[in-house]
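This briefing covers internal cavities, one helix packing and some backbone details. The structure comes first, then the notes by topic.

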Amino acid sequence: MEFHHGLWNGVSALFSESGRQLGEENTRPFALNHHIPAETIHCKYKGSREGRSINMSALRIAMQNFDEALAITGAVGRHHLGRKESSDPLGIWDLYIMARASIALVAYQKRFRRQEQVHSAVSDALASQYQFISGVFMICRHMMENADTAIAANQPIAADMLYDYADKHGIFISFNGMACAGSTKKIKEFLDFCNTCPDQTAHSDFRLERMVSEPNNWYQYALATVELDCFIERERSFQKERRLNDGEVAGRSDDTASAQVFTSVGNYARALMDDPPSTDDHHSFHDGALGRQNQILSLLGRPAIKNLSTKHIGARLG
């Protein structure tokens, strides 16, 4: 799953206790999207969302679980901060890893359940946290793909600036034209909490052991998925740049800069891992990706795989 679909896409098709898919209309792969009916209204908030349809059915569930979503986010943030060697402010790389680690909670829970629990639903609290934190993931990911100067330098970014970036670049708008639901105030409140969660005491009694029996193993799994994804995206950027230089495609590209950002974030995740993957540059992409995926499967207690098919590699890099 981690190689073929990526972590975010891989869990977006799962169902919550309330019977809604975590990714809602953004569920990927689209073949798994059940297009569950929802009550919609037009967004009243200024900016790119104004006048667009928003999903009120999902929003009501998410807002009922807002405080618990903050508690989960705070616990993830404190665990991550406990691994950092310095007391520097949270930079944008930290927000990205926290977002990915939160999404990894869903995948880790699902893949460690007993066989008879495989089809059990994701709790509404965790599903709501997934929907909130996915916004942070998408903002950071857009910055990485476009080699934004703030993420290249791992700068701290205030909630207002994160919101404005998302609004300016259309991150609040889904592929089908629907807008991210929720008030501007609540979205900024969550973004601000992500930036300051180590200092928050209201939710400090929430423990990750309520959700995963071995928090460090979950965290290592999350870091490994970040490192694998950055490895894949770096290769994708290099391939696009080579195609451009060889005249196979036309236009201008900053893929080299994007590849450097993915390399930096991947190295940051690697530095936090107990058992980082080999950095042998003589390995082919296939060998490097296979080794990383098998490291992930080992963390999940699953058997290693022998090969990655050319078809899957082409689809992932295409």
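The points below describe a predicted model, grouped by topic.

**Cavities**

- Rolling a probe the size of a water molecule over the atoms shows where empty space is left.
- Searching the whole structure gives 2 cavities of 30 Å³ or more.
- The largest cavity holds about 70 Å³ of space, and the second largest holds about 40 Å³.
- Residues lining the largest cavity are Ser16, Arg20, Gln21, Leu22, Glu24, Ala58, Ile61, Asp124, Ala127, Ser128 and Gln131.
- Two or more residues of that lining come from each of α2 (56-64) and α5 (124-145), and α5 gives the largest share, with 4 residues.
- The lining of the largest cavity divides by class into 4 nonpolar, 4 polar and 3 charged residues.
- Around the second largest cavity, the lining consists of Arg20, Gln21, Glu24, Glu25, Asn33, His35 and Ile36.
- In this second lining, 1 residue is nonpolar, 3 are polar and 3 are charged.
- Arg20, Gln21 and Glu24 appear in the lining of the largest cavity and also in that of the second largest.

**Packing of α3 and α9**

- Two packed helices are described by the angle between their axes and the distance between the axes.
- For α3 (residues 66-83) and α9 (residues 215-245), the angle is about 80° and the axes are 11 Å apart.
- Angles of 65 to 115 degrees count as roughly perpendicular, and α3 and α9 are therefore roughly perpendicular to each other.
- On the α3 side, Val76, His79, His80 and Arg83 make the contact; on the α9 side, Pro215, Asn216, Trp218, Tyr219 and Gln220 do.
- By class, the residues of this contact are 4 nonpolar, 4 polar and 1 charged.

**Backbone details**

- Most residues other than glycine have a negative phi, and most peptide bonds are trans.
- The peptide bond between Arg28 and Pro29 is cis, with omega about -10°.
- Pro29 lies in the loop between α1 (7-12) and β1 (40-42).
- Glu24, also a residue of the loop between α1 and β1, has a positive phi, near 50°.
- Buried means under 20% relative accessible area, so Glu24 counts as buried at 15% relative accessibility.
- Glu24 is one of the residues lining the largest cavity and one of those lining the second largest.
- Ala147, likewise not a glycine, has a positive phi of about 50°.
- The loop between α5 and α6 (149-152) holds Ala147.

How values were computed:
Residues are numbered from 1 along each chain as its sequence is written. This is a predicted model: local features need pLDDT of at least 70, side-chain atom pairs count only at pLDDT 80 or more; totals for chains, interfaces and linings use all residues. Side-chain values use heavy atoms; hydrogens and water are left out. On a 1 Å grid over the protein atoms alone, a cavity is a set of points where a 1.4 Å probe fits but cannot get out, and a pocket is an open set with protein on both sides within 12 Å along at least five of seven lines; lining residues have an atom within 4 Å of a point. Grid points are joined across faces, edges and corners, and a volume is the space filled by probe spheres set on the points. Ala, Val, Leu, Ile, Met, Phe, Trp, Tyr, Cys and Pro count as nonpolar, Asp, Glu, Lys and Arg as charged, and the others, Gly among them, as polar. Axes are lines fitted to C-alpha atoms, for helices over the stretch in contact, and angles run from 0 to 180 degrees between N-to-C directions. Angles under 35 degrees count as roughly parallel, over 145 as roughly antiparallel, 65 to 115 as roughly perpendicular and the rest as oblique. Contact means heavy atoms within 4.5 Å. Buried means under 20% relative accessible area, exposed over 50%, partly exposed in between (1.4 Å probe, protein chains only).
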